[in-house]
Every structure is written in structure tokens, then in C-alpha cells.
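User: I am new to this structure and would like a close look at one part, the surroundings of the ligand. Could you walk me through that part and then show me how the rest fits around it?

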Amino acid sequence: MNTLAKSMDDFRELMRRDQVFDIVNRPADNATVDMSHGVALYLESITKSFDGFRALDDLTLYIGDGELRCIIGPNGAGKTTLMDVITGKTRPDAGTAWFGNRINLLRLKEHEVAQRGIGRKFQKPTVYENHSVFENLELAMHANRGVVTSLTWRLNGEQADRIDEVLELIGLTGERDRLAGLLSHGQKQWLEIGSLLMQNPRLLLVDEPVAGMTGQETEATAELLTSLAGKHSVVVVEHDMDFVRSIARQVTVLHQGSVLAEGSMDQVQNNPRVREVYLGEEE
Ligand SMILES: Nc1ncnc2c1ncn2[C@@H]1O[C@H](COP(=O)(O)OP(=O)(O)O)[C@@H](O)[C@H]1O
Ligand SMILES: [Mg+2]
């Protein structure tokens, strides 16, 4: 048996005896992300072409530590490509991308970006429909942790407390034992945000969170995202202008792959260039 196989065997034996709990559930790596300069994300001169078409064109963008930033822009502006670049799904042709002061995102694979503390919420909710709300959060706690994902752990008190805390935050305390498949569309979206929170991300990227939500659900989502800022940096891509207005502090308008305007919602809405781009665009 070679050395690696031997140590994996030892590891499995330890796992069986519940002794690697602390190794596996070590504090999230994001605890070590250096944001001492107050900046969570530095993107500079990012360019990405698809068949000669520049989806991102010399894009420069900074997100502050603990900031809640909204990114808006017409279809095709490059919003999704931007998220893909940050999360390592797409490699840019040029430019630099740093997470805090020390982590070069362009050197990391997609799962490594997630492990370092960048969580991404896709538009369509993905939850384990046949598991309870509580179990969904429990499973999420072990995601991105490699080999041990499928093991049946006994939760320690601290972990159970953390799940309760997240349940409260996402407004699903009363649904903890319900099957996730039985939740409303909005509740599923919150559960997925909760699942991301279980991994304690330092930066959370959220793509069109309120699409398909009722008015009440939209309001609750605004409250949730607002409450996450400070502890996490949150970047929200959204089309719903009323929603953006309700949560926005700083808004970035993307157009043709670069930043067209940045400022408060009032500032960008009154910007003549923004008005021109949006003329006849808004659904
Ligand atoms: N994988 C791809 N292959 C070819 N073209 C792409 C690809 N991804 C995005 N694009 C193009 O890049 C542009 C920006 O797309 P996208 O980032 O999805 O914009 P947004 O999310 O703002 O609507 C669009 O014109 C789109 O067609
Ligand atoms: Mg998109």
C-alpha cells in the first residue's frame, strides 16, 4: 500500500471513530482572508471575449468589505460573465482579480474559490427537495469539504446552534422540519441563501434573488440581504428596479462589459448616459 493510500485509510478509520470532526469542521478558510485595507474584491481591467465579442471590456470594479452593492444593466451587459469570472467558472483574457489583499482569484479553480469564502447563489433555487429544511442546512455545512461530505455526523451543540441561528435569519424557523420540496418559491430561495451562509462566506454573490417572488417575499428578501451586509460583503445582480431602490446604497451600472456609472440609486437614475441605455430597455 502506498503512503497516500495508507494515510487515507487512517483518515477513514479516524472518521469512523468521529475523531476528525475538528479537522473537517475547522473554521472556514475565509477567517483568514486579509481585508485589512477594507476591500473585499479588486477587479482591474478585466476583459473577456467570446468569439471576438467583448462580454467584459476593461472592467474595473472594487467592492468594499461588508458592503452591499447592487449591479444593474441591460441584458447582455456582462453581469453573469462578471460573476463567472469572480467564481472561477470563466477565465478572463486579461486583467486581475483579487479577493482581499492576498488571494489571486485567477489562480484558483471554481471549488477553491468557494472554499476561500465566496458563495454564489444562482437564479434558480437548488435545494434538496426530499430533505427537511434543517437537513438542507446540515448538509450545506459539510459541502466544499471534500471526502467527508457523505458521512453521517453527529452535530455538536455549536453546529446545531448555528443552524438555528441561520433558520431565524432566513425566516424559516417554523418550517425547520418541513420537506424543502414543499416550500414556496420564495422560501426555497431563502433556504438556498441559508445553505450558502452555513459555509460562512465572506463574499456572497446573488443573481436576481426576487425574480418570481410575491411582493411580501420581495420585502422579506430585501430585509434579509440588508441584514447580511456588514458581516458579509454582498453583491446583488437584479433587474427589479423597485427592489434595487429598496436595498441599494451603492449601485453599479454595467453596459457593454464595462462600468457606465456608479453611485447612489438617485445618482445613477439621473445620469443621462444611463437613461439613454435604459430607454426602452426596462421590462
Ligand atoms: N459562453 C458564452 N459564449 C458566447 N457568448 C457568450 C457566452 N457567455 C456570454 N456571452 C455573451 O456575452 C454577453 C454578455 O452576457 P452576460 O454576461 O450573460 O450578460 P447579462 O448577464 O448582463 O445579461 C452576451 O452578449 C452573451 O451573448
Ligand atoms: Mg445574466
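Analyst: By class, the shell around ligand 1 is made up of three nonpolar, six polar and one charged residues. This is a predicted model, so please read everything here in that light. The residues that surround ligand 1 are F50, A55, G73, N75, G76, A77, G78, K79, T80 and T81. Helix 3, which covers residues 79-86, gives the most to this shell, with three residues.

From there we can turn to the protein's interior and look at I86. The largest nonpolar core has 69 residues, and I86 and L225 are the members that touch the most others. Which residues is I86 in contact with, leaving aside its neighbours within four places in sequence? They are L41, A97, L105, I118 and L205.

It helps to step back for a moment and see the whole protein. There are 11 helices and 10 strands in it, and buried residues make up 38% of its 283 residues. Among the contacts in the protein with a separation of 6 or more, 68% are between residues 24 or more positions apart.

Now for a pair of helices you can pick out on your screen. Two packed helices are described by the angle between their axes and by the distance between those axes. Helix 5 (residues 133-142) packs with helix 7 (residues 185-197) at an angle of about 30°, and their axes are 8 Å apart. The crossing in which helix 5 passes helix 7 is right-handed. On the helix 5 side, the contact is made by V133, N136, L137 and A140, while helix 7 brings L191, G194 and S195. Sorted by class, this contact of helix 5 with helix 7 has four nonpolar, three polar and no charged residues.

Let us stay with helix 7 and finish on one of its residues, H185. Is H185 buried or exposed? A residue counts as exposed if 12 or fewer other C-beta atoms lie within 10 Å of its own. H185 is exposed because it has 12 other C-beta atoms within 10 Å. Not counting residues up to four places away in sequence, H185 touches G212 and M213. P125 is another residue to find on the screen: H185 and P125 are 60 residues apart in sequence, and in space they are 7.9 Å apart, C-alpha to C-alpha.

Key. Residues are numbered from 1 along each chain as its sequence is written. Chains are lettered from A and ligands numbered from 1 in the order in which they are written. This is a predicted model: local features need pLDDT of at least 70, side-chain atom pairs count only at pLDDT 80 or more; totals for chains, interfaces and linings use all residues. A residue is near a molecule or strand if its C-beta atom, placed from the backbone, lies within 6 Å of it. Helices (H or I, at least four residues) and strands (E, at least two) are DSSP runs, numbered from the N terminus. Ala, Val, Leu, Ile, Met, Phe, Trp, Tyr, Cys and Pro count as nonpolar, Asp, Glu, Lys and Arg as charged, and the others, Gly among them, as polar. A nonpolar core is a set of buried Ala, Val, Leu, Ile, Met, Phe, Trp, Tyr and Cys residues joined through C-beta atoms within 7 Å. A residue is buried if 20 or more other C-beta atoms lie within 10 Å of its own, exposed if 12 or fewer, and partly exposed in between; C-beta atoms are placed from the backbone. Two residues are in contact if their C-beta atoms, placed from the backbone, lie within 7 Å. Axes are lines fitted to C-alpha atoms, for helices over the stretch in contact, and angles run from 0 to 180 degrees between N-to-C directions. A crossing is left-handed if the near helix is turned anticlockwise from the far one by less than a right angle, and right-handed if clockwise.
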